[in-house]
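Student: I'd like to learn how to read this model one feature at a time. Can we start with the strands and work outwards?

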Amino acid sequence: MKYFYLFCHVALPVIVPIIIFLLMQQGSIPKRLNNLFSLDSRESLIKQRLFWLCLIVPATLFFSFGVVTWSGYKIDLTQSGISTFWNISTFPLALLSAAIPLGVVVASFHSTQQTAEQIREAHVKNKLDTYYLHRTEFFKHFERHGEVNYLGVLSGEFMPHPLLYNNCSPGDPRDGIPKRNEKYFTEIDSSFQSAATFLNALFLDEYSEKVFNIYLCNACVAVHNISRLLGLPEIYRDMAGKSLLVQPPYKSGQEVTQYLTVGTTAAEIVAAFRYARDFYVNLGAFYGHEIPELAPHLSYLGSGGKVFTLPGWSNVAKFKDDLLSNYVELHGFKVTKPSEIIPAEQGLNSR
């Protein structure tokens with residue numbers, strides 16, 4: 001029985017405050033225990049349950065053992081009575097004094113945790129600042145480039161699409177300056193190589209059915225793909241109003257295929273390619289990406305007047321005439337007039 005009483009005097013002053021604190025909370029038992037014995041750096045020390053527990057438990061132990069110690073004594077507020085109190089209350093007072101070091105330890109842990117949290121928040125803020133500074137400089141980089149007219153058929157404004165930055169350097173702002181999306185730049189490099197190869201085939205050969213297919217199914221598709229990758233509305237939106245939407249005859253078991261030309265003249269597709277190329281060079285300069293040079297036999301596509309003298313310069317005009325007079329009438333192709341085209345692609349998709 002004596003051991004039971006000793007257990008009650010030791011355990012109840014500890015268990016009862018814990019139970020009361022747990023009942024004052026909401027949620028599962030594990031969550032309540034975690035909230036009780038953990039420190040929240042976002043709240044002040046006075047709101048920490050663990051801190052109050054470190055003060056209350058020594059006080060309850062003081063009264064628990066004090067009841068035993070003071071049994072048989074009466075209150076005597078004289079010098080003799082106070083001296084007797086000090087003599088018989090040594091152990092209860094020692095238990096009560098434990099509240100001071102325990103409170104100091106909890107306060108120290110809480111202060112350390114708050115300092116660590118402040119350092120972490122400052123670190124995150126610095127990374128956020130560097131991220132948005134990098135993003136701001138990205139758009140300012142293009143503001144320094146004025147509008148350029150290409151072959152009198154396309155005005156390049158060099159205004160980056162809002163989603164272009166995310167595609168070039170995806171990442172969480174809290175991680176600071178994001179890394180360059182190498183896969184994205186590699187895809188654009190490859191698309192330019194394909195477009196240049198098909199355009200070269202278009203302009204070097206005399207007009208034929210092969211040239212017809214190269215222009216419609218390869219060259220135009222490659223240039224439009226570049227315009228979507230770079231988010232150039234001057235090509236995928238504005239020039240669509242000057243283009244032809246061509247649909248070959250439907251074949252059973254196959255999906256309906258449609259091809260959109262890049263304007264209706266050779267000057268328009270060359271202008272689109274040159275604008276996209278200049279825009280990409282500007283983009284690569286910001287990210288430190290070395291743009292692959294066009295092969296020597298393809299360099300004329302990027303600048304100069306050599307393209308006007310090639311035997312296939314008139315192929316695009318012949319394509320249009322052949323399309324309307326031959327492929328539509330004899331092969332069942334469908335062509336949507338430029339005025340009826342509504343661009344389906346209104347912007348760059350986030351990658």
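Tutor: Sure. First, a definition: two strands count as paired if DSSP finds at least two bridges between them. Keep in mind that this is a predicted model.

Student: Which residue of β5 is the bridge partner of L245?

Tutor: In general, strands of a sheet pair through backbone hydrogen bonds, either parallel or antiparallel. Here, L245 has T336 of β5 as its bridge partner. Strand β3, residues 245-247, pairs with β5 in the antiparallel sense, over three bridges.

Student: What is the strand order in the open sheet of three strands?

Tutor: The order reads β4-β3-β5, and the pairing is antiparallel. The edges are β4 (259-260) and β5 (334-336); each has a single partner strand, so one side of each is left without a neighbour in the sheet.

Student: Now a helix. What span would a straight helix of 17 residues have, and what does α12 span?

Tutor: At 1.5 Å a residue, a straight one would span 24 Å, but α12 (residues 315-331) spans only 20 Å between its end C-alpha atoms. Look for a bend: α12 has a kink of about 45°, centred on L323. L323 is also one of the buried residues of α12, along with N315, V316, F319, D322 and Y327.

Student: Which elements do the buried residues of α12 pack against?

Tutor: They pack against helices α8 (182-204), α9 (209-230) and α11 (266-287), and against strands β3 and β5. Just after α12 comes G332, with a positive phi near 75°.

Student: How do I read a core, and which residues touch the most other members in the largest nonpolar one?

Tutor: In soluble globular proteins, nonpolar side chains tend to be buried together. The largest nonpolar core in this model has 60 residues, and F203, L230, I269 and L283 touch the most other members. Elements giving two or more residues to this core are α6 (99-143), α7 (164-168), α8, α9, α11 and α12. The largest share, 12 residues, comes from α11. Take L283: leaving out residues up to four places away in sequence, L283 touches F138, F142, L164, C168, F185 and L230. Another core, of 14 residues, lies apart from this one and includes F21, L36, V57 and F65.

Student: And the overall shape?

Tutor: The protein chain has 12 helices and five strands. Its radius of gyration is 39 Å, well over the 20 Å that the globule rule gives for 351 residues, so the chain is more spread out than a compact globule. The C-alpha trace spans about 125 × 50 × 30 Å along its principal axes.

Technical notes: Residues are numbered from 1 along each chain as its sequence is written. This is a predicted model: local features need pLDDT of at least 70, side-chain atom pairs count only at pLDDT 80 or more; totals for chains, interfaces and linings use all residues. Side-chain values use heavy atoms; hydrogens and water are left out. Helices (H or I, at least four residues) and strands (E, at least two) are DSSP runs, numbered from the N terminus. The expected span of a helix is 1.5 Å times one less than its number of residues. The bend at a residue is the angle between axes fitted to the seven residues ending there and the seven starting there. Buried means under 20% relative accessible area, exposed over 50%, partly exposed in between (1.4 Å probe, protein chains only). Contact means heavy atoms within 4.5 Å. A nonpolar core is a set of buried Ala, Val, Leu, Ile, Met, Phe, Trp, Tyr and Cys residues joined through side-chain atoms within 4.5 Å. The radius of gyration is taken over C-alpha atoms; the globule rule is 2.2 Å times the number of residues to the power 0.38.
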